[in-house]
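Biologist: Thanks for sitting down with me over this one. Could you take me through the model, one question at a time?

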Amino acid sequence: KVKIANALIAGGSLIQGSNIQRSVLGFHCNVGPCSHISESVLIGDVKIGEGCTIRRAIIDRNVEIAPGTVIGENLEHDRERFTVSEGGIVVVPKGARVGY
């Protein structure tokens, strides 16, 4: 069951049984089943695997995120892999393959 609240979803995006809240998804984003995305921006051509949790993140173009990946819940862990702003926004760079 897809649940979308207060979100903008661009054309060509595919959302499979996931929860999207207060987020913007650019063109051709593919969100796998049972994922939760909140307060985030996916620029475009982003693939999110099954069972992911993305919170307060900016995800640049052509990023692939492996199933079960969590971003934005443990900022100390995120700082080891990504840039994290003073306000706690996680930035995933263009072309990254996360969790593979």
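Biologist: Happy to start with the strands: in which sense do E3 and E6 pair, and over how many bridges?

Modeller: Keep in mind that this is a predicted model. Strand E6 covers residues 30-31, and within this pairing Ile-15 has Val-31 of E6 as its bridge partner. E3 and E6 run in the parallel sense, and the number of bridges between them is two.

Biologist: In what order do the five strands of the open sheet lie?

Modeller: The pairing in this sheet is parallel. Strand E3 (14-15) and strand E16 (97-98) each have a single partner strand, so one side of each is left without a neighbour in the sheet. With those two at the edges, the order reads E3-E6-E9-E12-E16.

Biologist: Nice. How many helices and strands does the protein have?

Modeller: The helix is H1, which covers residues 75-81. Counting the secondary structure of the protein gives one helix and 16 strands.

Biologist: Let's go inside. Which residues have the most contacts within the largest nonpolar core?

Modeller: In soluble globular proteins, nonpolar side chains tend to be buried together. Here the largest such core has 22 residues, and strand E11 (57-59) and strand E15 (90-92) each supply at least two of them. The residues with the most contacts inside this core are Ile-48, Ile-59, Ile-65, Ile-71 and Val-92.

Biologist: Which residues does Ile-48 touch, not counting those up to four places away in sequence?

Modeller: Ile-48 is one of the core residues with the most contacts. Its contacts include Asn-30 and Val-31, which are the residues of strand E6. The full list is Asn-30, Val-31, Gly-32, Ser-35, Ile-37, Leu-42, Ile-54, Ile-59 and Ile-65.

Biologist: Now the charges. Which residue forms a salt bridge with Arg-22?

Modeller: The whole structure holds five salt bridges. In this one the closest N and O atoms are 3.9 Å apart, inside the 4 Å cut-off. Arg-22 lies in the loop between strand E4 (19-21) and strand E5 (24-25), and its partner in the loop between strand E7 (36-38) and strand E8 (41-42), so the pair ties together parts that are 17 residues apart in sequence. That partner is Glu-39.

Biologist: Is Arg-22 buried or exposed?

Modeller: The relative accessible area of Arg-22 is 56%, and over 50% is the cut-off for this class. Its partner Glu-39, at 35%, is partly exposed. Arg-22 itself is exposed.

Biologist: And how many residues apart are Arg-61 and Asp-45?

Modeller: Their side chains meet in a salt bridge of 3.9 Å, N to O. Arg-61 sits in the loop between E11 and strand E12 (64-65), while Asp-45 is in the loop between E8 and strand E9 (47-48). Arg-61 is partly exposed at 38% relative accessible area, and Asp-45 is partly exposed at 31%. The pair links distant parts of the chain, 16 residues apart.

Biologist: What is the relative accessibility of Asp-78?

Modeller: Asp-78 forms a salt bridge with Arg-81, at 2.9 Å from N to O. Both residues lie in helix H1, three residues apart, about one turn of the helix. Arg-81 is partly exposed at 34%, whereas Asp-78 is buried, with a relative accessibility of 1%.

Biologist: Which residues does Asn-62 contact beyond four places in sequence?

Modeller: Asn-62 is in the loop between E11 and E12 and is partly exposed at 45%. The C-alpha atoms of Asn-62 and Val-92 are separated by 10 Å, with their positions 30 residues apart along the chain. The contacts of Asn-62 are Gly-44, Asp-45, Gly-95 and Ala-96.

Biologist: How many disulfides are there?

Modeller: The sulfur of Cys-34 has its closest cysteine sulfur in Cys-52, 11 Å away, which is too far for a bond. Cys-52 is buried, at 0% relative accessibility. The count of disulfides is zero.

Biologist: Last one: what radius of gyration does the protein have?

Modeller: The C-alpha trace spans about 30 × 25 × 20 Å along its principal axes, and buried residues make up 37% of the 100 residues. A compact globule with 100 residues would have a radius of gyration near 13 Å, and the protein agrees with that, at 12 Å.

How values were computed:
Residues numbered from 1 in each chain as written. Predicted model: local features only at pLDDT ≥ 70, side-chain atom pairs only at ≥ 80, totals over all residues. Heavy atoms only, no water. Pairing = 2+ DSSP bridges. Helix = DSSP H or I, 4+ residues; strand = E, 2+ residues; numbered from the N terminus. Core = buried A, V, L, I, M, F, W, Y, C linked by side-chain atoms within 4.5 Å. Buried < 20%, exposed > 50% of the residue type's maximum accessible area, 1.4 Å probe, protein only. Contact = heavy atoms within 4.5 Å. Disulfide = S-S within 2.5 Å. Rg over C-alpha atoms; globule rule 2.2 N^0.38 Å.
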